[in-house]
Amino acid sequence: MRLPIVTYPDKRLKLHSSEVVVFDALLHELLDNMYETMITSNGIGLAAIQVAHPIRVLIINLPDEEGEQYPDDLLEMINPKIIQFEGSTYYQEGCLSVPGFYEEVGRYERLRLLYQDRFGQEQILDAEGLLSVAIQHEMDHLDGKLFIEKISYARRKKFEKEYKKNQKSKS
Ligand code: Y12
Ligand code: CO
């Protein structure tokens, strides 16, 4: 089932998400619904709070060189923790909760991540480049942070003005 996406400036996006302790059929249903929501919205990453569930769950499905996304490449991460990081990189980020806005943001270039899969099994992943950026973007959602909080004051002001104007023209 496709779920409604919570969009900025909805205050739920500022919530600190809670650790997952039960890895049951309800969690699996949420993960499946998040996947359908992300794919049908042309997204490559989604955190549970973006579909109104304040729990530490995120999914990422990066496209291949041809721009195709495959279910086999789906990463489901629960209770993720960065245990090592190095370097820095800049990437033009977008977010399904902030439609129509893209901005360059600084992130770690490489990281090592500890997380649990949908069955609660601990996993370790080394990530770099776009995957590292996507993980950091989605992990920020778990702590109630959006990428627009990482841009300069001047760009943020410009964004607020344009975003409000776009919202008004839609209503
Ligand atoms: C690098 C940077 C950021 C991420 C986080 C995941 N972000 C997304 O998946 C964003 C997707 C997105 C899709 C949109 O819809 C279309 O393009 C049709 C969109 O909508 C508009 O711009 C109107 C905005 C964002 C991962 C890796
Ligand atoms: Co986002």
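These legends walk through close-up views of a predicted model. Residue numbers start at 1 along each chain as its sequence is written, while chains are lettered from A and ligands numbered from 1 in the order in which they are written. Because this is a predicted model, local features need pLDDT of at least 70 and side-chain atom pairs count only at pLDDT 80 or more, whereas totals for chains, interfaces and linings use all residues; side-chain values use heavy atoms, with hydrogens and water left out.

**View 1. The whole protein chain, with three helices and seven strands.** Going along the sequence, the order is α-β-β-β-β-β-β-β-α-α. The radius of gyration (taken over C-alpha atoms) is 16 Å, close to the 16 Å that the globule rule gives for 171 residues, so the chain is as compact as a globular protein of that length. That rule is 2.2 Å times the number of residues to the power 0.38. Helices (H or I, at least four residues) and strands (E, at least two) are DSSP runs, numbered from the N terminus. The C-alpha atoms fit a box of roughly 45 × 40 × 35 Å along the principal axes. Of the 171 residues, 43% are buried, meaning under 20% relative accessible area; exposed is over 50%, and partly exposed is in between (1.4 Å probe, protein chains only).

**View 2. The cobalt ion (ligand 2) and its donors.** Cys95 (SG), His137 (NE2) and His141 (NE2) coordinate the ion at 2.1 to 2.2 Å. Donors here are N, O and S atoms within 2.8 Å of the metal (3.2 Å for Na, K and Ca), and water is not among the atoms, so sites may look incomplete. Along the chain, the donors follow the spacing C-x41-H-x3-H. Cys95 and His141 link distant parts of the chain, 46 residues apart: Cys95 sits in the loop between strand E4 (89-93) and strand E5 (103-107), and His141 in helix H2 (residues 129-142). Cys95 and His141 are both buried.

**View 3. Leu30 in helix H1 (residues 25-40).** With a relative accessible area of 8%, Leu30 is buried. Skip the neighbours within four places in sequence, and Leu30 is in contact (heavy atoms within 4.5 Å) with Leu3, Ala48, Val51, His53 and Ile55. For a sense of distance, the C-alpha atoms of Leu30 and Glu86 are 32 Å apart, with their positions 56 residues apart along the chain.

**View 4. His53, in the loop between strand E1 (45-47) and strand E2 (57-60).** His53 counts as partly exposed, at 34% relative accessibility. Not counting residues up to four places away in sequence, His53 touches Leu30 and Ala48. Gln116 is 63 residues from His53 in sequence, and the two are 17 Å apart in space, C-alpha to C-alpha.

**View 5. Backbone details at Pro9, Asn42 and Asn79.** The Tyr8 to Pro9 peptide bond is cis, with omega near 10°, and Pro9 is in the segment before H1. Asn42 is not a glycine, yet has a positive phi of about 65°. You'll find Asn42 in the loop between H1 and E1, where it counts as exposed at 72% relative accessibility. Asn79 is not a glycine either, and its phi is positive too, at about 50°. Asn79 lies in strand E3 (residues 75-86) and is buried, with a relative accessible area of 3%.
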